[in-house]
Amino acid sequence: MAHARCAEMVRITSTLDCPYCEKAEALLSYLGVRYSKTVLNTTAKKDAFKASGFTTVPQIWFGDRHIGGYTELKTFLKEEIEGVAHAARS
């Protein structure tokens, strides 16, 4: 399954008191996926994040693949699970 393959490579960029960041972290934790987290808790971190072209959090990566936010994470995981299920039926 995808979360086993990518467990060491998942990164989340978040802010404090971000409900969608918390949902993304809860979903990954529920699935047993380990992740590293960068919290944008200083002006310098926020400025660097914005300079990279991002304006919302969370931002999630699986390895070098940028997934997006919480909604995109759910879609990504659903597609990965469907792919595993399809392969198991084949």
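In the predicted model, 4 strands make up an open sheet of mixed pairing, arranged in the order β2-β1-β3-β4. The edges are formed by β2 (35-39) and β4 (65-68), each of which pairs on one side only. From one strand to the next, the twist averages 20°.

The pairing of β1 with β3 is antiparallel and comprises 4 bridges. Arg 11 has Trp 61 of β3 as its bridge partner. On the other side, β3 and β4 also run antiparallel and are joined by 3 bridges. Within this pair, Phe 62 lies opposite Arg 65 of β4, and Ile 60 has Gly 68 of β4 as its bridge partner. The hairpin of β3 and β4 has 2 residues between the strands, and Gly 63 adopts a positive phi near 65° there.

In a regular strand, side chains alternate between the two faces of the sheet. In β3, Gln 59 and Trp 61 point one way, while Ile 60 and Phe 62 point the other way. Burial does not separate the two sets, as all four of these residues are buried.

Two helices that pack on the sheet are described next. Helix α2 touches β1, β2 and β3, and its direction makes about 160° with that of β1. Helix α4 touches β3 and β4, and its direction makes about 115° with that of β4.

The largest nonpolar core contains 12 residues: Val 10, Ile 12, Ala 24, Leu 28, Val 33, Ile 60, Phe 62, Ile 67, Tyr 70, Leu 73, Phe 76 and Leu 77. At least two residues of this core come from each of β1 (10-14), α2 (19-30), β3 (59-62) and α4 (70-89). The largest share, 4 residues, is supplied by α4. The two β3 residues Ile 60 and Phe 62 that point the same way from their strand both belong to this core.

The surroundings of one core member, Ile 12, were examined in detail. With neighbours within four places in sequence left aside, Ile 12 is in contact with Glu 25 and Leu 28, with Tyr 35, Ser 36, Lys 37 and Thr 38, and with Pro 58, Gln 59 and Ile 60. Of these contact partners, Leu 28 and Ile 60 are listed among the core residues.

The structure holds 1 disulfide, which joins Cys 18 to Cys 21 with an S to S distance of 2.4 Å. The torsion about this S-S bond is about 75°, and the disulfide is therefore right-handed. Both Cys 18 and Cys 21 are buried.

At the level of the whole chain, 4 helices and 4 strands are present, and along the sequence they follow the pattern α-β-α-β-α-β-β-α. The C-alpha atoms fill a box of roughly 50 × 25 × 20 Å along the principal axes. Of the 90 residues in the protein chain, 34% are buried. Among contacts with a separation of 6 or more, 59% involve residues 24 or more positions apart. The accessible surface of the protein chain comes to about 5800 Å², and carbon and sulfur atoms account for 53% of this area.

Technical notes: Residues are numbered from 1 along each chain as its sequence is written. This is a predicted model: local features need pLDDT of at least 70, side-chain atom pairs count only at pLDDT 80 or more; totals for chains, interfaces and linings use all residues. Side-chain values use heavy atoms; hydrogens and water are left out. A disulfide is a pair of cysteine sulfur atoms within 2.5 Å. Buried means under 20% relative accessible area, exposed over 50%, partly exposed in between (1.4 Å probe, protein chains only). A nonpolar core is a set of buried Ala, Val, Leu, Ile, Met, Phe, Trp, Tyr and Cys residues joined through side-chain atoms within 4.5 Å. Contact means heavy atoms within 4.5 Å. Two strands pair if DSSP finds at least two bridges between them. Axes are lines fitted to C-alpha atoms, for helices over the stretch in contact, and angles run from 0 to 180 degrees between N-to-C directions. Accessible areas come from the Shrake-Rupley method with a 1.4 Å probe; for residues, only the protein chains shown count as cover.
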